[in-house]
Every structure is written in C-alpha cells, then in structure tokens.
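Visitor: I have the sequence and the model open. Could you walk me through the metal site and the helix beside it in the chain?

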Amino acid sequence: RDLQDALSRGELELYFQPIFCLKTGAIEQAEALLRWNHPERGMVLPSEFIPLAEQCGLIQEIGEWVIRKVCALAAKWPGSVGVAVNLSPLQFDNSDLGKVVASALEVSGLDPSRLELEITESVLLRDCAVSVSILDELAELGVSIALDDFGTGFSSLSYLQRFKVDRIKIDQSFVRDINTSEGSLKIVRAIVMLGHSLGLNVTAEGVETDDQLAAVRGEGCDAAQGFYIGMPCSLAEFVEQLERVNGSAAPAA
Ligand code: C2E
Ligand code: MG
Ligand code: MG
C-alpha cells in the first residue's frame, strides 16, 4: 500500500553511480539506481521493493517514471556522458515500451546515443518473439542495450548473436573473487575475449579494491564501476563529481 503512494508522494529518488572509462579515467556513464525514501523505514534499497513492485503490478508505472526522469535529468548534464537505466523483464510485457522510451527522448531532448538500457538474460528467455520486436524497436531509436549481471543467468551465447547487444556487464561476483579465485579470473578473461570478439564493450561491476581495479584493467575491461571508484550518490553529488573528474573535457551541452 505504501509503495502505491510512493510515486505520487515523491518518495522515489534516483541515485547515480559513475562508470569510468579505464583508458581515459573519465566518467563515461552513470547508472541510475532507484531508492525509496520511506517516511518511517528510511532509505529502502531496490532489492527490497522492485520485486514487490513486480508482484503488485506497479513496475510498469515506476519503470516509466524512471525512464522519463532519467532522460530529463541526463539531458542537462555537461558533455556527452551517457546514462544507463535498469529495466525489469516485466516491462517487456508492455508492448508500448518502445513508445515510452521514444517519448521520453523526445520530451527531454536527450540524444538517444547517450541512453543505455540494462536488461538481464531473463528478458531474452521470455517470449522471444515479443522481446525481439521490442529490442529491435529500441535499437532503431538509437539507444544501446547492455546485458547486466552477465554470467549469472543462463548465459546462452546464442542470445548475443540474435539480439543487438552493445555491452556486457560482468557480474560483481566474478570481480569480487578475481584476485583470490583462479576460476573467477579465467571467467572474467573469457568474458572479455568473448565480448571483444563480438565487438561489444565490457564493463566490470562491483570493483571494491585497488587490486580488483588493477585486475579488471589488466584483463582488458573497457569500463569499471564499483564502490572503490565511485559510490551511488545523489544527483547533485554526481554532477559535482562529473564536473570535477571530466573537467574541461566535458564542455557544457
Ligand atoms: P544492478 O543493476 O546490478 O546495479 C548494481 C548494484 O550493485 C547497485 O545496487 C549498486 O549500488 C551495487 N554496487 C555498485 N558497486 C558495488 C560494489 O563495489 N560492491 C557491491 N557490493 N555492490 C556494488 P542497488 O542500487 O542496491 O541496486 C540493486 C539492483 O536493483 C540493481 O542491480 C538493479 O537490478 C535493480 N534496480 C536498481 N534500480 C532499478 C530501477 O530503476 N529499475 C529496475 N527495474 N531495477 C532497478
Ligand atoms: Mg544495472
Ligand atoms: Mg549488475
């Protein structure tokens, strides 16, 4: 019941976590991460309320709010930094998803090349024909698609051929153990090789230490995200960090 009112009461808030290009050190993207500022419970994390929103049918409304809000905010950021939005597999039940994204881009004026949509492999496991047509529609708009938490789902490699994917995000579980488990290191290495041979960008998620950063850089990851290099933060903090890190390399839009 609380969640139903959260949107209208303005309790949902977007945090942004920087994603760094490992070649230049610049912030190349921000991932939008949803938070719920509950009046009594305080800050509630998405792992708690997104499943609830999916169960009670609120995910369409919340998901659309996120897309529109992120586009409107990112359109005002300096430079050409990109922004990534997480999509629930259930948002693919709505055949209007392409129209929602197109309208959010148009209203905000955000260049489609700056928007990336993060999906998980479960989207591709669902009704393939519907997912394919929605993904085609999104690709036609000029937005990018990232496969999130890669390596933890079914990782059916044929998906990488059948769908227009632009980026793979290596799941944080592999990055966490990269210096302690040879298996994780080899999996990261294999994902980077696979991604690069298909012409995809590869981002390492969950970088928490200097050693992990060195390892994912050494393995050739293109970008990295994690508490060690940048925490999820409020919009104001993110924009401040963007100006500080990217500096004059990011001329005002
Ligand atoms: P995700 O898309 O894989 O997002 C990355 C999660 O890892 C975020 O958790 C982020 O705070 C966390 N993280 C980043 N760096 C590190 C690190 O170095 N170490 C560790 N241990 N964690 C790190 P968060 O914000 O709690 O979000 C959890 C999940 O909730 C996200 O996973 C995503 O699947 C989902 N989510 C977040 N926002 C949205 C949204 O707007 N819509 C939908 N459908 N799902 C969302
Ligand atoms: Mg994500
Ligand atoms: Mg992830």
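**Two magnesium ions and helix H10**

Visitor: What spacing do the donor residues of the magnesium ion (ligand 3) show in sequence?
Guide: Keep in mind that this is a predicted model. Asp 148, Asp 149 and Glu 205 coordinate the ion, at 2.1 to 2.4 Å. Along the sequence, these donor residues are spaced D-D-x55-E.

Visitor: How many residues apart are Asp 149 and Glu 205?
Guide: Asp 149 sits in strand E6 (residues 144–150). Glu 205 is in the loop between strand E8 (201–204) and helix H10 (210–218). The pair links distant parts of the chain, 56 residues apart.

Visitor: Is Glu 205 buried or exposed?
Guide: The cut-off for buried is under 20% relative accessible area. Asp 149 has 27%, so Asp 149 is partly exposed. Glu 205 has 6%, so Glu 205 is buried.

Visitor: Which residues coordinate the magnesium ion (ligand 2)?
Guide: The donors lie at 1.9 to 2.2 Å. Their spacing along the chain is E-x54-N-x31-E-x29-D. By name, they are Glu 31 (OE), Asn 86 (OD1), Glu 118 (OE) and Asp 148 (OD).

Visitor: Where in the chain are Glu 31 and Asn 86, and how many residues apart?
Guide: Glu 31 belongs to strand E2 (residues 27–38). Asn 86 belongs to strand E4 (residues 82–86). This pair, too, links distant parts of the chain, 55 residues apart.

Visitor: What is the relative accessibility of Glu 31 and of Asn 86?
Guide: Buried means under 20%, and partly exposed runs from there to 50%. Glu 31 counts as buried, at 4%. Asn 86 counts as partly exposed, at 29%.

Visitor: Which residue bridges the magnesium ion (ligand 2) and the magnesium ion (ligand 3)?
Guide: The two ions lie 4.1 Å apart. One residue coordinates both. That residue is Asp 148.

Visitor: Now the helix. Within what arc do the buried residues of H10 fall?
Guide: The buried residues are Gln 212, Leu 213, Ala 215 and Val 216. Seen down the helix axis, they line one face of H10, because they fall within an arc of 165°.

Visitor: What do the buried residues of H10 pack against?
Guide: The face turned away from the buried side carries the exposed residues Asp 211 and Gly 218. The buried residues of H10 pack against helix H8 (172–176), E8 and strand E9 (223–224).

Visitor: Which residue just after H10 takes a positive phi?
Guide: Helix H10 covers 210–218. Just after H10, a phi of about 90° appears. The residue is Gly 220.

Definitions and conventions:
Residues are numbered from 1 along each chain as its sequence is written. Chains are lettered from A and ligands numbered from 1 in the order in which they are written. This is a predicted model: local features need pLDDT of at least 70, side-chain atom pairs count only at pLDDT 80 or more; totals for chains, interfaces and linings use all residues. Side-chain values use heavy atoms; hydrogens and water are left out. Donors are N, O and S atoms within 2.8 Å of the metal (3.2 Å for Na, K and Ca); water is not among the atoms, so sites may look incomplete. Helices (H or I, at least four residues) and strands (E, at least two) are DSSP runs, numbered from the N terminus. Buried means under 20% relative accessible area, exposed over 50%, partly exposed in between (1.4 Å probe, protein chains only). The arc is that of the directions from the helix axis to the C-beta atoms. Contact means heavy atoms within 4.5 Å.
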